[in-house]
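Open the model in a viewer and keep the selection tool at hand. The stops below go from one selection to the next.

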Amino acid sequence: MTESDSNFCVISAIRYDPSLVFPGSPPAVDAEQFDDCKAALDPRLFFLFPRHVFRLNAAHEFFWPEISKVKGKVVTPEALLTALYEAVPAPDKCWRLRPVVSKDGHIRVEAYETDPRSDLFSGLRDDTKPETSWVVYLDSESTPQSSITMFKTTNRDPYIAARERVLPPGLPIRGTVEVLLFNKKGQVTEGSLTNVAFWRNGEWITPSSNEIGGLRGAVKAELLDRGLLREMKDEEAVLKDSIQDGEKVLLLNGIQGVTCGYVRLGPYRD
């Protein structure tokens with residue numbers, strides 16, 4: 001599937017989480033409170049919402065610049081929020097929302113229930129343990145860098161292929177198992193489901209999407225702006241052969257926030 005395909009769209013993955021506005025376990029939100037937020041188009045129920053607006057527009061402009069020249073930003077905050085609110089099946093649960101934006105700017109949203117998380121930045125803490133964290137494997141082949149790995153689109157082929165090479169058939173795509181991708185130079189770029197960061201010389205560093213490769217993720221951008229991550233340059237790239245068994249890796253995405261995983265070298269095992 002390519003940008004010339006009529007089914008090709010740009011996408012994002014946005015977490016709806018009532019605890020972002022209504023703290024509690026489970027979050028104390030009822031239909032009336034949700035309707036009030038919906039009427040006001042309150043963005044706070046959607047994790048890092050402004051970054052998703054920016055990312056969707058940036059991707060759309062990249063693939064279809066001729067449309068952006070005429071229409072400007074095709075995804076407005078109001079249009080996206082309206083579509084997201086309409087897609088939430090039950091306001092008291094957490095949802096993985098997948099806005100799909102077509103070439104002409106039409107927005108549709110898919111919804112999948114996801115687990116509650118009390119701290120969307122928990123991976124930054126020092127108290128994580130291998131037995132309660134993600135397991136991270138290394139891909140067996142390189143993944144060429146392209147516009148498909150720079151922007152999130154409906155073409156997920158490179159990521160599906162990486163997981164199929166390493167993981168057994170039927171393993172849930174949203175399970176706590178990740179696969180690290182690397183480019184032709186052997187430089188680690190990202191995970192099949194996440195952006196990644198490594199602890200080097202007293203700081204967390206993440207591959208530069210421009211210089212090394214990997215998705216321009218919303219959580220990655222947030223942590224960079226907060227000064228909690230630094231983008232590594234080409235000469236600082238983490239080589240696949242330098243990854244250590246048991247090494248801790250930060251995993252970043254718009255649904256789980258910041259989690260962590262521990263590397264397990266070798267073939268998959270339960």
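This is a predicted model. Begin with helix H2, residues 49-63. H2 is 15 residues long, and the distance from its first C-alpha to its last is 22 Å, close to the 21 Å expected at 1.5 Å a residue. Colour its buried positions: Phe49, His52, Val53, Arg55, Leu56, Asn57, Ala59, His60 and Phe63.

**The largest nonpolar core**

Next, select Tyr16, Leu45, Phe46 and Leu80. Within the largest nonpolar core, which has 33 residues, these four touch the most other members. At least two core residues come from each of strand E2 (14-16), helix H1 (31-39), H2, helix H4 (77-87) and strand E3 (94-101). A second core, separate from this one, has 15 residues, among them Phe198, Ile205, Val249 and Val263.

Now centre the view on Tyr16. Residues up to four places away in sequence aside, its contacts are Phe34, Leu45, Phe46, Val88, Ala90, Pro91, Lys93, Cys94, Trp95 and Leu97.

**The loop between E2 and H1**

Move to Asp17, which sits in the loop between E2 and H1. Is Asp17 buried or exposed? With a relative accessible area of 1%, Asp17 is buried, because the cut-off for that label is under 20%. Display its side chain together with that of Ser19: a polar contact of 2.6 Å joins the two. Beyond its neighbours within four places in sequence, Asp17 is in contact with Leu45, Cys94, Arg117 and Leu120.

Stay in the loop between E2 and H1 and pick Phe22. Phe22 is also buried, and its relative accessible area is 14%. To set a distance across the model, add Ser142: its C-alpha is 44 Å from that of Phe22, and the two residues are 120 apart along the chain.

**The largest pocket**

Which residues lie nearest the centre of the largest pocket? Select Trp134, Arg174, Leu193, Asn253 and Ile255; the full lining has 49 residues. Two or more lining residues come from each of H2, E3, strand E4 (107-114), helix H6 (157-166), strand E7 (188-191), helix H7 (218-226), strand E11 (248-253) and strand E12 (257-263). E4 gives the largest share, four residues. The volume of this pocket is about 1000 Å³.

**Helix H7**

From the pocket lining, go on to H7 and mark Ala218, Val219, Lys220, Glu222 and Leu223, which are buried in this helix. The elements covering the buried residues of H7 include H2, strand E8 (195-200), strand E9 (203-207), strand E10 (230-232), E11 and E12. Just past the end of H7, check the backbone of Gly227, where phi is positive at about 80 degrees.

**Glu247**

The last stop is Glu247, in the loop between E10 and E11. Glu247 counts as buried, with 13% relative accessibility. Which side chain makes a polar contact of 2.7 Å with that of Glu247? The partner is Arg200. A polar atom of the Glu247 side chain also lies 3.1 Å from the backbone nitrogen of Gln244. Residues up to four places away in sequence are not counted in the contact list of Glu247, which holds Phe198, Arg200, Ser242, Gly261, Tyr262 and Val263. Of these, Phe198 and Val263 also belong to the second core. To finish, select Leu48 as well: Glu247 and Leu48 are 28 Å apart, C-alpha to C-alpha, with their places 199 residues apart in sequence.

Conventions:
Residues numbered from 1 in each chain as written. Predicted model: local features only at pLDDT ≥ 70, side-chain atom pairs only at ≥ 80, totals over all residues. Heavy atoms only, no water. Core = buried A, V, L, I, M, F, W, Y, C linked by side-chain atoms within 4.5 Å. Buried < 20%, exposed > 50% of the residue type's maximum accessible area, 1.4 Å probe, protein only. Contact = heavy atoms within 4.5 Å. Expected span 1.5 Å × (residues − 1). Polar contact = N/O pair within 3.5 Å; in protein donor to acceptor, adjacent residues only side chain to side chain. 1 Å grid on protein atoms, 1.4 Å probe; cavity = no way out; pocket = protein on both sides within 12 Å on 5 of 7 lines; lining within 4 Å. Points joined across faces, edges and corners; volume = space filled by probe spheres on them.
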